Amino acid sequence: MPDDQSGLLLRISENDNVYVLLQSLSAGTRLQLGEKIVVIEVSLGLGHKIAARKIVSGEKIVKYGAPIGSATRDIRMGEHVHVHNIKSDYIPTYTLDSKTV
């Protein structure tokens, strides 16, 4: 199956280690990524990212051919990639756990 998953996923560059969702996906959706079938664990909205392959802690996250941050922990293929497991290398990353002063 092509990388675009018939209009579900977008991967601009062969260097991208994430796919961008072109539509919302429900928890339990099965996707074929390369030779593997992954199950989406949580419902995700348009524009969210999932790992195109295993990403190790500290590795750069590459989207649209450009690094957007680093993994704060290992990320499984097909797992949601967002502020809970990446941090920006350029601006502060704010999460639900962040405290405001």
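**View 1. The whole chain, with nine strands and zero helices.** Here's the full predicted model, and reading along its sequence gives the pattern β-β-β-β-β-β-β-β-β. Of the 101 residues in the chain, 34% are buried. About 6300 Å² of the chain is exposed, and 55% of that comes from carbon and sulfur atoms. If you look at contacts between residues at least 6 apart in sequence, 39% of them join residues at least 24 apart.

**View 2. An open sheet built from three strands.** Follow the order 6-7-9 across this one; the pairing is antiparallel. Which strands sit at the edges? They're strand 6, covering 60–63, and strand 9, covering 86–87, and each of these pairs on one side only.

**View 3. Strand 6 meets strand 7 in an antiparallel pair.** Zooming in on this part of the sheet, strand 7 takes in residues 66–71, and four bridges tie it to strand 6. To get your bearings, pick out Val-62, which stands opposite Pro-67 of strand 7.

**View 4. The turn of the hairpin made by strand 6 and strand 7.** How many residues lie between the two strands? Just two residues do, and the backbone detail to check here is Tyr-64, with a positive phi near 55°.

**View 5. Lys-36 and its surroundings in strand 4.** Strand 4 spans residues 36–39, and Lys-36 belongs to it. Is Lys-36 buried or exposed? Its relative accessibility is 52%, and the cut-off for exposed is over 50%, so Lys-36 counts as exposed. Exposed or not, Lys-36 still has partners: setting aside neighbours within four places in sequence, Lys-36 touches Leu-31 and Met-77.

**View 6. Lys-36 and Arg-53, seen as a pair of C-alpha atoms.** How far apart are Lys-36 and Arg-53 in sequence and in space? Along the sequence, 17 residues separate them, while the C-alpha to C-alpha distance is 9.7 Å.

Notes. Residues are numbered from 1 along each chain as its sequence is written. This is a predicted model: local features need pLDDT of at least 70, side-chain atom pairs count only at pLDDT 80 or more; totals for chains, interfaces and linings use all residues. Side-chain values use heavy atoms; hydrogens and water are left out. Two strands pair if DSSP finds at least two bridges between them. Buried means under 20% relative accessible area, exposed over 50%, partly exposed in between (1.4 Å probe, protein chains only). Contact means heavy atoms within 4.5 Å. Accessible areas come from the Shrake-Rupley method with a 1.4 Å probe; for residues, only the protein chains shown count as cover.
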